[in-house]
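Got your viewer open and a hand on the mouse? Let's take a short walk, one selection at a time.

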Amino acid sequence: MKYTIIGAGIGGLTTALAFEKKGIEYQIFEKAPVLNEVGAGIWLAPNALQVLESLGVLEDVIANGNFIDRITIGK
């Protein structure tokens, strides 16, 4: 059985990596002709970091990311 992943964003690519490590067949469908950085930031909660750690990519994410030590919400 081959699984279908729709979208090559962080969720789709993380799912593909997990499938790859488990030997599960998959295909990814993405409407964009090329994957590019868009300059947007994402906030990864501790449970997301645990997933990335289990996939063996957390150190790369940390090396290429920034830590948030404070959030201010104002009007």
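Which residues lie nearest the centre of the largest pocket? Select Gly9, Ile10, Glu37, Ala40 and Ile42, and you have them. Keep in mind as you look around that this is a predicted model.

**Stop 1: the largest pocket**

Stay where you are and look at the walls. In total, 22 residues line the largest pocket, and the space inside comes to about 720 Å³. Now colour the lining by class: you should get 15 nonpolar, 5 polar and 2 charged residues. Next, highlight helix 1, which runs over residues 10–22. Helix 1 gives the most to this lining, with 4 residues.

**Stop 2: along helix 1**

While helix 1 is lit up, click on Gly12, which lies in that helix. Is Gly12 buried or exposed? Gly12 counts as buried, because its relative accessibility is 11% and the cut-off for buried is under 20%. Now draw a distance from the C-alpha of Gly12 to the C-alpha of Ile28: the viewer should give you 7.5 Å, although the two are 16 residues apart along the chain.

Leu13 is also in helix 1, so click on that one too. With 39% relative accessibility, Leu13 counts as partly exposed. Try another C-alpha to C-alpha line, this time from Leu13 to Phe67: they are 22 Å apart in space and 54 residues apart in sequence.

**Stop 3: out on a loop**

Select Gly23, which sits in the loop between helix 1 and strand 2 (26–29). Gly23 counts as exposed because its relative accessibility is 62%, and exposed means over 50%. From here, draw a line to Tyr3: 20 residues separate the pair in sequence, and their C-alpha atoms are 12 Å apart.

**Stop 4: the second largest pocket**

How much volume does the second largest pocket have? About 470 Å³. To find its centre, select Ile42, Leu44, Val61, Gly65 and Asn66, the closest of the 13 residues that line it. You've already met Ile42 at the first stop, among the residues nearest the centre of the largest pocket. Colour this lining by class and you get 8 nonpolar, 4 polar and 1 charged. Helix 3 supplies the largest share of the lining, 4 residues.

**Stop 5: a patch on the surface**

Last selection: Trp43, Ile68, Ile71 and Ile73. Switch on the surface view, and these four show up as a nonpolar patch, with about 520 Å² of accessible area together. Zoom in on Ile71, which is in the segment after helix 3 (58–64). Ile71 counts as partly exposed, because its relative accessibility is 45%.

Methods
Residues numbered from 1 in each chain as written. Predicted model: local features only at pLDDT ≥ 70, side-chain atom pairs only at ≥ 80, totals over all residues. Heavy atoms only, no water. Patch = residues over 30% accessible without salt bridge, like charges linked within 9 Å, V, L, I, M, F, W, Y side chains within 5 Å. Areas by Shrake-Rupley, 256 points an atom, 1.4 Å probe, with all protein chains shown as cover. Salt bridge = Lys/Arg side-chain N within 4 Å of Asp/Glu carboxyl O. Helix = DSSP H or I, 4+ residues; strand = E, 2+ residues; numbered from the N terminus. Buried < 20%, exposed > 50% of the residue type's maximum accessible area, 1.4 Å probe, protein only. 1 Å grid on protein atoms, 1.4 Å probe; cavity = no way out; pocket = protein on both sides within 12 Å on 5 of 7 lines; lining within 4 Å. Points joined across faces, edges and corners; volume = space filled by probe spheres on them. Nonpolar A, V, L, I, M, F, W, Y, C, P; charged D, E, K, R; others polar.
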